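User: I am new to this structure and would like a close look at a single part of it. Please begin with one residue, and then work outward in one connected account.

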Amino acid sequence: MFKIALTGGPCSGKSTVLALLKTFPQGKEYRVGYLTEVASELLKERPHYIKDHDDIVLRQFYIYRTQIAMENCLCEELERETQRKTVLITDRGLSDALAYLEEGDIEKVTLGGEAEAFADRYDAVLFFEPTDETQYQNKNNKARFEDSYEQILRTSEKTKQAWIRYYSGKMEFVGAAASVEEKAKSVARQINRLAGGTVFEL
């Protein structure tokens, strides 16, 4: 199985691109599984209950445990496929939690398994660079708390450094494109190259 994490700062196009990837025809030799963003699903009903730093740690603990469970469940389902190669694409991944935690918090979230949790879980990471300021909006995601473009850039940089910590040799970057459709096609071509085959037929 080949595991790919799509990551980046808020409103960088990850979820939209993932939705478009789902519409692309898959190569005959591949079966692809998709995991939507766990944090948004968990927090959309109670997005702003945080009162202090302990609440941030607790939030990331629940996201972390749910992410692992969902990924493992999808991997088990995909591994039942014996005739085709399998690919798992996730909207965000475990290392995103590091962008919101202080150094002393990590063991609380991982229950002491930092290195095992973050290192080598994914075969490739695609980091989405921030979009321009005119494209930012937080109304379509209740879990998004950034109120300014400056906050977007700070969160994006913290997220990038969090992934570089364990995946600097496996990271590639996704920049701006003429349209979201073109960006999705570019990401599909990157995935084909990284996986070494025709995951998506374009």
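Analyst: The starting point is K160, which counts as buried because its relative accessibility is 16%; buried here means under 20% relative accessible area, exposed means over 50%, and partly exposed is in between, using a 1.4 Å probe and protein chains only. This is a predicted model, in which local features need pLDDT of at least 70 and side-chain atom pairs count only at pLDDT 80 or more, while totals for chains, interfaces and linings use all residues. Residues are numbered from 1 along each chain as its sequence is written, and side-chain values use heavy atoms, with hydrogens and water left out.

K160 forms a salt bridge with E129, and the closest N and O atoms of the two are 3.7 Å apart. Because E129 lies in the loop between β4 and α6, whereas K160 is in helix α6, the pair ties together parts of the chain that are 31 residues apart in sequence. A salt bridge is a side-chain nitrogen of Lys or Arg within 4 Å of a carboxyl oxygen of Asp or Glu, and helices (H or I, at least four residues) and strands (E, at least two) are DSSP runs, numbered from the N terminus. E129 counts as partly exposed, at 26% relative accessibility.

By this rule, the count comes to 9 salt bridges. Another of them joins the side chains of K170 and D120, at 3.5 Å from N to O. That pair links distant parts of the chain, since K170 sits in the loop between α6 (149-167) and β5 while D120 sits in the loop between α5 and β4, 50 residues apart. K170 is partly exposed, with a relative accessible area of 30%, whereas D120 is exposed, with a relative accessible area of 60%. The side chains of R121 and E71 also meet in a salt bridge, at 2.6 Å from N to O. R121 is in the loop between α5 (114-118) and β4, and E71 is in helix α3 (residues 53-79), so that this pair too links distant parts of the chain, 50 residues apart. Both R121 and E71 are buried. Elsewhere, E37, R92 and D96 are linked in a network of salt bridges.

From these charged pairs the view can move on to helix α7. The buried residues of α7 pack against several elements, namely β1, α1 (14-21), β3, β4 (124-128) and β5 (171-174). These buried residues are K183, A184, V187, A188, Q190, I191 and N192. A184, found in helix α7 (residues 180-195), counts as buried because its relative accessibility is 0%. Not counting residues up to four places away in sequence, A184 touches V17, L20, L21 and F24, where contact means heavy atoms within 4.5 Å. Although A184 and F24 are 160 residues apart in sequence, their C-alpha atoms are 9.4 Å apart in space. Just after α7, G196 takes a positive phi of about 75°.

Strand β3 (residues 85-91), against which α7 packs, is mostly covered, with 6 of its 7 residues buried. Strands pair if DSSP finds at least two bridges between them: β1 (residues 2-8) runs parallel to β3 and is joined to it by 5 bridges, with F2 opposite V87. Strand β2 (residues 30-35) also pairs with β3 in the parallel sense, over 6 bridges, and here Y30 stands opposite K85.
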